[in-house]
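Biologist: Please show me the structure. I would like to ask how some of its labels were reached.

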Amino acid sequence: MGRAFPNHTALYVAAAALLPEGAAQAQNGLSVISGFASPVNAPTSDPASASRPLPPARALLDAARGEDLLPGNSTRLGYVLTHGNVIASSVTVTVNGARLSPGTGYTLEAATGTLTMAQPVRVDQAIVVRYRYLPASAAAPGGKGTAAIPLLSFQGSAFNGGSLGFALGLTRTDDGVTASPLLGLRTETSSDSGTGLAGLLYLATGSMGTQARSLLPGAPGQKTSGGKTAGGHLIDQKLTLGGSKSRLALSFQDVSAGFKNFSALRGAKAASEADLARLEKERGIQRLGLTGNVGIGGSGMLRFSHSNLTAGKDGITRQNLSLKSNGLSFSANYLSVDSAFSRFADLADADKDALAKLKGAKKRDMAAKWTLGRTFQMEGSLLDLTQNKNSQKNSRLLFSLTPGRSLSLTALSETAKKTENGKTSEVSTRAYDFATDPKAAASLLYSSKLVTTVAVDGKEKSENLTRFGGAALLGRRNGGGFGLSLRGLRETLAVNETDKGKTTATDSATTILGLKTNASGPFRLNLESKSAVTRRDGAPERRHDIFVSDAALQFSRSALASYAFSSDTAAQGEARTESSKESWALALGRGYRYRQSLDRTAVRDAKGKKTEKRTEFASFATDPAGPLFASGERRAVLGDKKASEVTEKWSGGLGLGGLSLRTEGLEIRRAQMGALKSEKNYSLLGKVALMAGWKAAYTAFDRTDRDPKTKLERDEIGSELTINGSAGLFQIALKNLDYDNRLDVSAERARQEITVTPTRFLALGPLQKGAITFAFGSDKIKAGVRNEETAGDGAAGGKTHSLTFEGLIGAQRVALDYADGLTAEGLPTLSKGIRFTSDSRRHLLVSGLYRMKRVVTPKGAESLLMRAWNVNYRIVRGHKITYSFLSNPEKPDGSIEKRQAESVAYVAGFGDGGMLSAEYRTAKDEAKDTTTRTTAFSLVSPASSVTAYEVSYLNEAVLAGDKLCGTETYILAYQFQPEGGATQVELAARWIERTGDTVTPKDAPDEAQANIEIKTAW
């Protein structure tokens, strides 16, 4: 009796734990069993408890200690601890002083306290178990379980591969342990043909009730329990008869609502997990099924099925009959869902959601198809669905005849009738189609379709659509030679709508005619005309005509001429809209292209008022890779009331030896369109090589447009001449600029520049990589106001000089620059400066800027001193002191920002990411008249390999006039994360205190924040 059953015939007699219903439930991704959290889908028997994640901290706090002495009974089974809800990771098991390993020496059902030994324990041996458990007050309700002790079992050929067994079940209650007899049978038989019986049959009686704990020798605390356990049964059987051609299968399933022994079945592997989960969920549901198939002839097959599912008095019934043979297929289905049936969520059927929507419905549907070769085909379908007071009936019949590839005939009859809340709607369709082969030299098609609709409100509508058309081919379809295809189509639609006895008729007719030549020939032509006329009772006739044509003539491989025209006319009564598009194109060799198009739209409303708009476009282009090239385009939009816009673009160029010229132009002329009457932009660029190493470039421009930012008009004309080249060791650039803004107060400006730079670095003694750049500029500015009433004339001139030196003296980088100049208003500006940068590889890094600049402000001209100093001293590795100073920084637009900032800081790093920093900053803003002083301290350090913390302090004082506002900020952060990352604790706190007399309702008040976050993964 100590011999274990084979897995494929295992019964509950393997003594796996049985849990009462509701003892296991899913909560937030954990399976909660009797108040103990374990990973989802983890078996209650834990063969590797040492590797399990730790239980929640609350479970450890509530756990109590237990120790049991269990005498051996010469078997592996029947050992139950005094307490359940055992914490598996706390268990130690010894036999006569020898400690056993979990999984290999024993297995434990933690929830019930049931112990199963790997080897039988003799009666002269003792088992000592030490553990921690959750008392009943700390466990969830339902902390009870069931175990099974084998008393008698049979298996072998007498049971056709199944097994029969009898066992005494032990059930733990609050008062003790009761016993109840259990009987189980599992059958798994089959023959080579697939015939056989397979299934499960389990019966459980009520409890025996008294002195149950006396069955466990040596168990302390013996009590008599008067409680009773509920009995029950589980039946899941399937009988299969027949062979490969004909087969009959009968299935029956019945699980009583009181049967609760599924944990034992899982432990004994009596069936697959999926089957046990299905049976457990469908407790109280009965299933009866019958399926079969019968072979007919060589390849025919008749299939049938019947299934009945009930829960109490209500259920679901399904029936199916299908036949499939050569050229013939038929299927019929019946479905009935009782209106009182409610256990859809517990069903294992894949279509349970669809069944829930059909609650209280009866559905019948049939479908058939008959085919005779490729010539004849007929198919049809019927649907009858009744659900409570609503119903739906559909029918469809399709007939098709195809005597050959050149002829086909199709007929369709379809009806859909629907009743909702006592109101009925119906849609019926009758369609006929006749067509010949569309790829033949001549083809023909005819179709008729009648759709009748009756809405729930009694409105009726009928649509009769008729189509008649054909096509013919003259000449070749593909390849060379001339080929011409003709096609035509006539389509009529008659619509009758009846509402409250009044009928409205609408008739429409569409005619399409087309002509097309072979696409591979030298001459290509495509014509298509479409005309649609609609007449409706009580409304004027509506007409829509569309005509499209395009033609092309290929003169040679590189010469092509094309023409395209399309028109669209829509008219109804006196209203009329006409639009047309026309274009010509010519392409010749050497890259020449020419295109011209005309778009026209004319609208006349019902009162006879006319408007017209035209768009003309023309363009040309020559080969852009040639020595002489040009391109241009003209676009004109002409509308009513002389509102027009003409845009012209052109460009051209000439490349000859060392001379290259390029010119571009854009001109826009408008009339009464709310913008400039004209805009233009002309430019000319010429380049020429003068002598070895010298080049000249000349640019001229003339533009008139509107500034998008200021909305002011600009009329500018100017030119620029640049000559550059090399002379000895120097690169020389000469520039002359003439500029005239004829609509601005600055009327004229002239500028001459010369720039001299070395072509190679200078090296002299300690000087290395030295470079000196000299630039000289001369400006002449003529300012004034030009209008009809006043005229002013003023002039200003000035010169600019700049000298820049940059190079290395030893290991230090030195940069010096000097500049002076004259502004347009005649106010002198002076800019002198020095820049210095030391070697970044040294312990002491120094960089600085000293510059004096004279600027113009609304208050007049003033001189500002711009300074920037940075000192960085690295004491030792990871430790440094920094000092920075900034005064009157210059913005990108050249203006000066009047403020001053100074700071000194000490930073120390001490490995593993730790860092200590202290800083003092002061800033003064003249524009806001404020002074800010800041003291900051920060310490970030990992205290160990698993912990880290951060402490920060910030004190900021803002002085505005005679008012002072201060802010103190304290930040504390702590993090703990042991190796492996099972637990992570983060704590952060921040306290901000504001003082002073400048606090207003808009200022933020004092703040105090603290939060703690604990992350754990068991």
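**Charged pairs and their exposure**

Modeller: Glu 645 counts as partly exposed, at 23% relative accessibility. This is a predicted model, in which local features need pLDDT of at least 70, side-chain atom pairs count only at pLDDT 80 or more, and totals for chains, interfaces and linings use all residues. Residues are numbered from 1 along each chain as its sequence is written, and side-chain values use heavy atoms, with hydrogens and water left out.

Biologist: Why is Glu 645 called partly exposed?

Modeller: Buried means under 20% relative accessible area, exposed means over 50%, and partly exposed is in between (1.4 Å probe, protein chains only). Glu 645 has 23%, so Glu 645 is partly exposed.

Biologist: What makes Arg 670 and Glu 645 a salt bridge?

Modeller: The term requires a side-chain nitrogen of Lys or Arg within 4 Å of a carboxyl oxygen of Asp or Glu. The closest N and O atoms of Arg 670 and Glu 645 are 3.3 Å apart, so the pair qualifies. Arg 670 lies in strand β38 (residues 659-671) and Glu 645 in strand β37 (residues 644-656), 25 residues apart, so the pair links distant parts of the chain; strands are DSSP runs (E, at least two residues), numbered from the N terminus.

Biologist: How do you know that Arg 614 forms a salt bridge with Glu 616?

Modeller: Their closest N and O atoms are 3.2 Å apart, so the cut-off is met. Arg 614 has a relative accessible area of 32% and Glu 616 has 24%, so each is partly exposed.

Note on methods: Helix = DSSP H or I, 4+ residues; strand = E, 2+ residues; numbered from the N terminus.
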